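Good morning, and thank you for making time for this presentation. Please look at the sequence and the structure first, and I shall then take you through them.

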2 protein chains.
Amino acid sequence: MTTIRDVAKKAGVSVATVSRFLNGSGYVSADAAKAVAEAVEELEYELNPVARSLNTKRSSLIGLILPDITNPFFPELARAVEDVALSYGYTVILCNSDEDPKKEKNYIETLKKKYIAGFIVTSNQLDAPHYADTKLPIVALDRAINEKIPVVASNNKEGAVLGTNALLERGCKNILFLRGPEALNPANDRYDGFMEAIGKSDVDYRIVTCPFHYADSQKIVERELQANPEIDGIFASSDVSAAGALKAAAVLGRNVPDDLQIVGFDGIAMGEMLSPGLSTVAQDVYKMGAIATRVLIKRIENTPLEESFYEVPVKLVLRGTTRSVE
Amino acid sequence: MTTIRDVAKKAGVSVATVSRFLNGSGYVSADAAKAVAEAVEELEYELNPVARSLNTKRSSLIGLILPDITNPFFPELARAVEDVALSYGYTVILCNSDEDPKKEKNYIETLKKKYIAGFIVTSNQLDAPHYADTKLPIVALDRAINEKIPVVASNNKEGAVLGTNALLERGCKNILFLRGPEALNPANDRYDGFMEAIGKSDVDYRIVTCPFHYADSQKIVERELQANPEIDGIFASSDVSAAGALKAAAVLGRNVPDDLQIVGFDGIAMGEMLSPGLSTVAQDVYKMGAIATRVLIKRIENTPLEESFYEVPVKLVLRGTTRSVE
DNA sequence: ATAGTATGTGTAACCGGTTACACATACAGC
DNA sequence: GCTGTATGTGTAACCGGTTACACATACTAT
């Protein structure tokens, strides 16, 4: 393996000059730069990142902490993070936390020892001390931590208004809102949006809390639809719940979208594959991941940040679970 | 930060003894071991993995190279790899290759510089020189490389026999087989299985090549169903294609499973959420990932391997796109 | 002429581990 | 007693970079 000393010898300069040239730091004369560049070229020298890390206590690793990559929301996010990270020369370490503070803490400790450059985090434990105390750059996704940590999130409230209005405009008179877990910020924002939009109308509605889980959602919606047959619209706080609702409707023989219209939230790929295709408030998950990564890299590289809150717009995607508006 | 020298001083021994104790290498007397253990405890010493890597040219990083984490097959795989890696003290680096040999090569080069311990790879480029030449431990998933590289794969052929027989037993008389891309080993194994099973029957069949892509599959199946209305069973080489087929059936008003039965292949989570639920030949993706990771770690740690080919059984999962057998 | 600043370079210590090698001791077998 | 082997330990070089600091020169301002 070629080392910086080999390059220095070949170029007839000292290792310090080579290092300065390589890092663009300090003074290097044009002559020296040329000699070093040639030596690097000829010897096909490549810098050893491990040796560099040992000194600088920095690396080009980024930790991506998320609850579970298996959750359909996250693969696209991970993809975006990885794409952007790669383009800036960073490498992504995947960490499934299961929302377990112990696992999160453990990852942070382990990766700190590897001199990780920063973290992108999706978690509800974000106020936990292991984040607050970390000196490392962190960017939060979807859920706010504290003022010092930048956040990238969808415009959940506006999205919920959009979704609710879509049902109202299409003639729904009795809407069931599947509210997400109250521990989740985005779920609460969606709830706020629903309340705002429904408050401006005069239609009846019901609210039921419902985990982001397919089978549970199906069960809950079956129960609700049987107990309240007058329901003619469902707005779900997640596509997975909406898929459960759609299944419940199918099981009960309710005709979607003629008797019952459904709108989900998230915009996961699966929505397209359902029959009928799921109308939904789509988040631009890729964009969220991409922005979060760019923001993180700016923090890592000490580029000043313009903002500390990045809101990504959502988009109403209408498919088969809603009628066309008259 | 506490270093090995601090520990040595506190324990009244040399750094060499501490290092030997920490690594369980060489001779360390009971007295010395006790003193070092106590010093480590008191100082809360933690070994610096970067410094270690620089010497040993090894790390506890594992590279997971896959085409695209967004493809529904891979998140569960990644999850399994991560879980097992974590339990053995390894960290997973996520690499989306898009099946692009350049990207793959680039990842391998980059990660080699970081002294990565080994790779788990899903790729069709596996015979490419950047794999063959790599001295590092590699385990291939789903697709064979060369004899030196262990492979973990589903029993695709048997799975296809299982899936085909499921349709035959349920009275299908005219089966459409959606064959996967011919460049893919697993797709070809599934084709072989289909041919074997169908050959033992006397029913009619058609074969059409079909990418693992939802919308394309839908289009192809719509065309086929219109041209060949006698088709009463579809066996798809992937669940995504099966989902497209199901959509096509819905669009054409074909009743599933009464007029038309569908069986997919893969067992991705989405299958459950479709209406009717998708019958499929499910791969145990988690298990594949877990085995691959254990095999890789054995190779990394030079534990001898019993085998070089690990076949994971598949399972027929019957849901709503097939009838109950009379 | 003189001080002060910008430019340019090299030496050597340092990051925090691992390990080759030298050396010491204990005990076995002959 | 002597040789050989197993056990135990420390010194110092090494992994491959970064960087503080000392030193040298050129140029500007006074």
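Let me begin with a definition: a pocket is an open set of grid points where there is protein on both sides within 12 Å along at least five of seven lines. Please keep in mind throughout that this is a predicted model.

With that term in place, I turn to the second largest pocket, which holds about 710 Å³ of space. Its lining comprises 26 residues, and those closest to the centre are K114(A), P49(B), S53(B), S59(B) and S60(B). Which helices supply at least two residues each to this lining? They include α4 and α6 of chain A, the latter spanning residues 101-113, and α4 of chain B. The largest share, five residues, is that of α4(B). By character, the lining consists of 10 nonpolar, nine polar and seven charged residues.

The next topic is DNA strand C. There are 31 residues around this strand, and S29(A), I4(B), R5(B), S19(B) and N55(B) come nearest. They fall into 14 nonpolar, 12 polar and five charged residues. In chain A, α2 (15-23) and α4 (49-56) each supply at least two residues of this surface, as do α1 (4-11), α2 (15-23) and α4 (49-56) in chain B. Here, too, α4(B) provides the largest share, with five residues.

Which parts of the DNA strand does the protein approach? Of the atoms of strand C within 4 Å of the protein, 55% belong to sugar or phosphate, and the rest belong to bases. Individual contacts illustrate both kinds. On the phosphate side, a polar side-chain atom of S19(B) lies 2.5 Å from a phosphate oxygen. On the base side, a polar side-chain atom of N55(B) is placed 2.4 Å from a base nitrogen, and an N or O atom in the side chain of R20(A) is 3.1 Å from a base oxygen.

Finally, I come to a sheet in chain A. Six strands form this open sheet, in the order β7-β6-β8-β9-β10-β12, with mixed pairing. The edges are taken by β7 (204-209) and β12 (315-317); each has a single partner strand, so one side of each is left without a neighbour in the sheet. On average, neighbouring strands are turned by 15° against each other, direction ignored. For β7(A), the pairing with β6 (residues 174-179) of chain A is parallel and runs over six bridges. Within that pairing, L176(A) has R206(A) in β7(A) as its bridge partner.

Conventions
Residues are numbered from 1 along each chain as its sequence is written. Chains are lettered from A and ligands numbered from 1 in the order in which they are written. This is a predicted model: local features need pLDDT of at least 70, side-chain atom pairs count only at pLDDT 80 or more; totals for chains, interfaces and linings use all residues. Side-chain values use heavy atoms; hydrogens and water are left out. A residue is near a molecule or strand if one of its heavy atoms lies within 4 Å of it. A polar contact is a pair of N or O atoms within 3.5 Å; within protein, one must be able to donate a hydrogen and the other to accept it, and residues adjacent in sequence count only if both atoms are side-chain atoms. Helices (H or I, at least four residues) and strands (E, at least two) are DSSP runs, numbered from the N terminus. Ala, Val, Leu, Ile, Met, Phe, Trp, Tyr, Cys and Pro count as nonpolar, Asp, Glu, Lys and Arg as charged, and the others, Gly among them, as polar. On a 1 Å grid over the protein atoms alone, a cavity is a set of points where a 1.4 Å probe fits but cannot get out, and a pocket is an open set with protein on both sides within 12 Å along at least five of seven lines; lining residues have an atom within 4 Å of a point. Grid points are joined across faces, edges and corners, and a volume is the space filled by probe spheres set on the points. Two strands pair if DSSP finds at least two bridges between them. Axes are lines fitted to C-alpha atoms, for helices over the stretch in contact, and angles run from 0 to 180 degrees between N-to-C directions.
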